[in-house]
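User: Could you take a close look at one part of this structure and show me how it connects with its surroundings? I would like a connected account rather than a list.

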Amino acid sequence: QVQLVESGGGSVQAGGSLRLSCVASGYTYSSYSRACMALGWFRQAPGKEREGVAAITTGSSSTYFSDTAKGRFTISQNNAKNTVFLQMDSLKPEDTAMYYCAAKTTCAYSWRVTTAYNSWGQGTQVTVSS
């Protein structure tokens, strides 16, 4: 089982930036360098369903973004440090949510499918004020 720990959340004003980090442990990151393994960022606002924000495949570093994240967020990884980052710029109040890091080791589902991920972090809160 992969352990994931997020950090970097906080409170910012609209238009500001935050950088979230997710450190993975419990396995050797590079040993899972297959095209379909991915680390994703999801978010969940009160009263709403959890939704995918972005994902990156650990082997090929292919990236995927939701429509709301595209153009504003960047996802990257540091394999040597078993870490994935989510750089969030031009933040909006509607980005306010708990953000979760998750690990997927199957090729069977789209990166957006929450049930495809078998490890989740505890979450980090992002609050954007207007």
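Analyst: A residue is called buried here if its relative accessible area is under 20%, exposed if over 50%, and partly exposed in between (1.4 Å probe, protein chains only). This is a predicted model, where local features need pLDDT of at least 70 and side-chain atom pairs pLDDT 80 or more, while totals use all residues. Residues count from 1 along the chain, and side-chain values use heavy atoms, without hydrogens or water.

Let's look at strand S9, residues 97–104. Seven of its eight residues are buried, so S9 is largely enclosed by the rest of the structure. Strands here are DSSP runs of E of at least two residues, and helices are runs of H or I of at least four. By that count the chain has 11 strands and zero helices. Across the chain as a whole, 45% of the 130 residues are buried.

Which strands pair with S9? Pairing needs at least two DSSP bridges between two strands. S4, residues 38–44, runs antiparallel to S9 and is joined to it by seven bridges. Within that pairing, Ala38 of S4 faces Lys104 of S9. Lys104 also has a partner in S10, namely Tyr117, so you can follow a line from Ala38 through Lys104 to Tyr117. S10 covers residues 117–120 and is linked to S9 by three bridges, again antiparallel. S11 is another antiparallel partner of S9, with three bridges. There, Tyr99 of S9 stands opposite Thr124 of S11.

Tyr99 deserves a second look. Its side chain makes a polar contact of 2.9 Å with the side chain of Arg43; such a contact is a pair of N or O atoms within 3.5 Å, one able to donate a hydrogen and the other to accept it. Arg43 sits in S4, a strand that pairs with S9. Is Arg43 buried or exposed? Arg43 has a relative accessible area of 6%, which means that it is buried. A second polar contact, of 2.7 Å, ties the side chain of Arg43 to that of Glu51. Taking contact as heavy atoms within 4.5 Å, and leaving aside residues within four places in sequence, the neighbours of Arg43 include Ala97, Met98 and Tyr99. Its list also includes Glu94 and Asp95, as well as Glu49, Arg50, Val53, Thr68 and Phe73.

Two of these names, Tyr99 and Phe73, return in the largest nonpolar core. A core of this kind is a set of buried Ala, Val, Leu, Ile, Met, Phe, Trp, Tyr and Cys residues joined through side-chain atoms within 4.5 Å. This one has 27 residues, and Tyr99 and Phe73 are among those with the most contacts inside it, together with Trp41, Leu86 and Met88. S9 supplies at least two of the core residues, and so does each of S3, S4, S5, S7, S8 and S11. A further core of six residues lies apart from it, with Phe42, Ala55, Trp111 and Ala116 among its members.

The core also leads away from S9, to a group of strands that includes S3, S7 and S8. These belong to an open, antiparallel sheet of four strands in the order S1-S3-S8-S7. Its edges are S1 (3–7) and S7 (73–78), each pairing on one side only. S8 is mostly covered as well, with five of its six residues buried. Six bridges connect S8 to S7, with Asn78 opposite Thr83. Four residues separate these two strands in their hairpin, and among the hairpin's residues Asn82 has a positive phi near 50°. On its other pairing, S8 (83–88) is joined to S3 (18–25) by six bridges. Met88, named above for its core contacts, is the bridge partner of Leu18, and Gln87 stands opposite Arg19.

Ser21, also in S3, gives a view across this part of the model. Ser21 is buried, with a relative accessible area of 17%. Beyond four places in sequence, it touches Val5, Glu6 and Ser7 as well as Thr83, Val84 and Phe85. Trp41 is another of its contacts, and Trp41 is also among the core residues with the most contacts, as Tyr99 of our strand is.
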